[in-house]
There are 2 protein chains.
Amino acid sequence: MYERKIKEDLDCGIVVAMRVFGAKWKPCIIDAIAKGFTRPSEIHRYISEATPRVLDMQLSELLGLGVVVKETTDSFPLCSDYRLTELGRSFLPIVQQLDDWGNTYKHELKDKLAEAV
Amino acid sequence: MYERKIKEDLDCGIVVAMRVFGAKWKPCIIDAIAKGFTRPSEIHRYISEATPRVLDMQLSELLGLGVVVKETTDSFPLCSDYRLTELGRSFLPIVQQLDDWGNTYKHELKDKLAEAV
DNA sequence: GTTCATACCGAATAATTATTCGGTATCTCA
DNA sequence: TGAGATACCGAATAATTATTCGGTATGAAC
């Protein structure tokens, strides 16, 4: 298992929350699953900017943390369904607020975000 | 100015919010300022795991995006105060919820977060 | 004058995260 | 059989982000 070089204060709530959800696509994945896109291929079509590989990796991290669970059907069509656990659902209000916040301010932020780091 | 290689969908609210706040220390900085630690040295003492340099850089990004404003006093002691703008304050409920969420679940997550990426 | 705390910045490096590419495997349908 | 959709994984690379280190500058206090 990969070992993180830099230690961090896992007693701070914000740090913990950012460790769980502070990746480029994780809040979008939570949002997608909540909207009913439960299969990897569906999630990919919903978040088309992300590659299947990164969705894969972030889903497996969320799985490892207990934010989602996976149900695999062996019969055709070969498919897996990812669903939010109680832990995952508890984060939904925050995802919703992130979306609302971004939609409210995206117009005034767009130029600044496009030009800089 | 640095030019981002990978384009992103700035129409998605979540993507926008994550671009503004999705850095390792930004939500903590917002929290610190809201709690009254308005000067860089105070913020650093409050978030002691972070180096002054990274707080510096993230503060200047937040400044550039209009999330905070800076007031500099020329008289001694040499000091700058960073304060939240209306835009910054609008994000406070989310920071609060991130903190609450992390504090609620940090015990059950601690081991998993410590062992893996 | 020297030392200290303040704020800030540039540049090299390290660490982390995301992407690209190619591969495995299963089952359906033409 | 061969193409296409599904899910998934390993490894190299690229991109991004954070850290380290050293520097500038100011004025106070000793």
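# Exercises on a two-chain predicted model

The secondary structure of chain A comes to six helices and two strands, and the model in which these elements are seen is a predicted one.

**Exercise 1. Work out in what pattern the elements of chain A follow one another along the sequence, and what percentage of its residues is buried.**

Solution. Begin with the order of the elements, which, when read along the sequence of chain A, gives the pattern α-α-α-α-β-β-α-α. Turn next to burial, where the count shows that 32% of the 117 residues in chain A are buried. Finally, consider the contacts within chain A between residues at least 6 apart in sequence, of which 46% join residues at least 24 apart.

**Exercise 2. Determine by what turn and what shift along the axis chain A can be laid on chain B.**

Solution. As a general starting point, two copies of a chain are related by a rotation about an axis and a shift along it. In this model, a turn of 180 degrees with a shift of 0.0 Å along the axis lays chain A on chain B, and the RMSD is 0.0 Å. The two copies are therefore related as by a two-fold rotation axis. The same surface serves both copies, since 98% of the contact residues of chain A recur in chain B.

**Exercise 3. Describe the side of chain A that touches chain B, by finding which elements give two or more residues to it and which of them gives the most.**

Solution. First take the extent of the contact, in which 47 residues of chain A meet 46 residues of chain B. The elements of chain A that give two or more residues to this side are α1 (13-21), α2 (26-34), α4 (52-65) and α6 (92-115). The most comes from α6(A), with 18 residues. Sorted by class, the side of chain A that touches chain B holds 26 nonpolar, seven polar and 14 charged residues.

**Exercise 4. Establish at what angle α6(A) and α6(B) pack, and which residues make the contact.**

Solution. The axes of α6(A) and α6(B), the latter being residues 92-115 of chain B, are 10 Å apart and meet at an angle of about 160 degrees. Angles over 145 degrees count as roughly antiparallel, and α6(A) and α6(B) are therefore roughly antiparallel to each other. The crossing in which α6(A) passes α6(B) is left-handed. On the side of α6(A), the contact is made by Pro93(A), Ile94(A), Gln97(A), Leu98(A) and Trp101(A), while α6(B) brings Pro93(B), Ile94(B), Gln97(B), Leu98(B) and Trp101(B). By class, this contact of α6(A) with α6(B) has eight nonpolar, two polar and no charged residues.

Terms used
Residues numbered from 1 in each chain as written. Chains lettered and ligands numbered in written order. Predicted model: local features only at pLDDT ≥ 70, side-chain atom pairs only at ≥ 80, totals over all residues. Least-squares fit on C-alpha atoms with pLDDT ≥ 70 in both. Contact = placed C-beta atoms within 7 Å. Helix = DSSP H or I, 4+ residues; strand = E, 2+ residues; numbered from the N terminus. Nonpolar A, V, L, I, M, F, W, Y, C, P; charged D, E, K, R; others polar. Axes fitted to C-alpha atoms, helices over the stretch in contact; angles between N-to-C directions. Parallel < 35°, antiparallel > 145°, perpendicular 65-115°, else oblique. Left-handed = near helix turned anticlockwise from the far one by under 90°. Buried ≥ 20, exposed ≤ 12 C-beta atoms within 10 Å, placed from the backbone.
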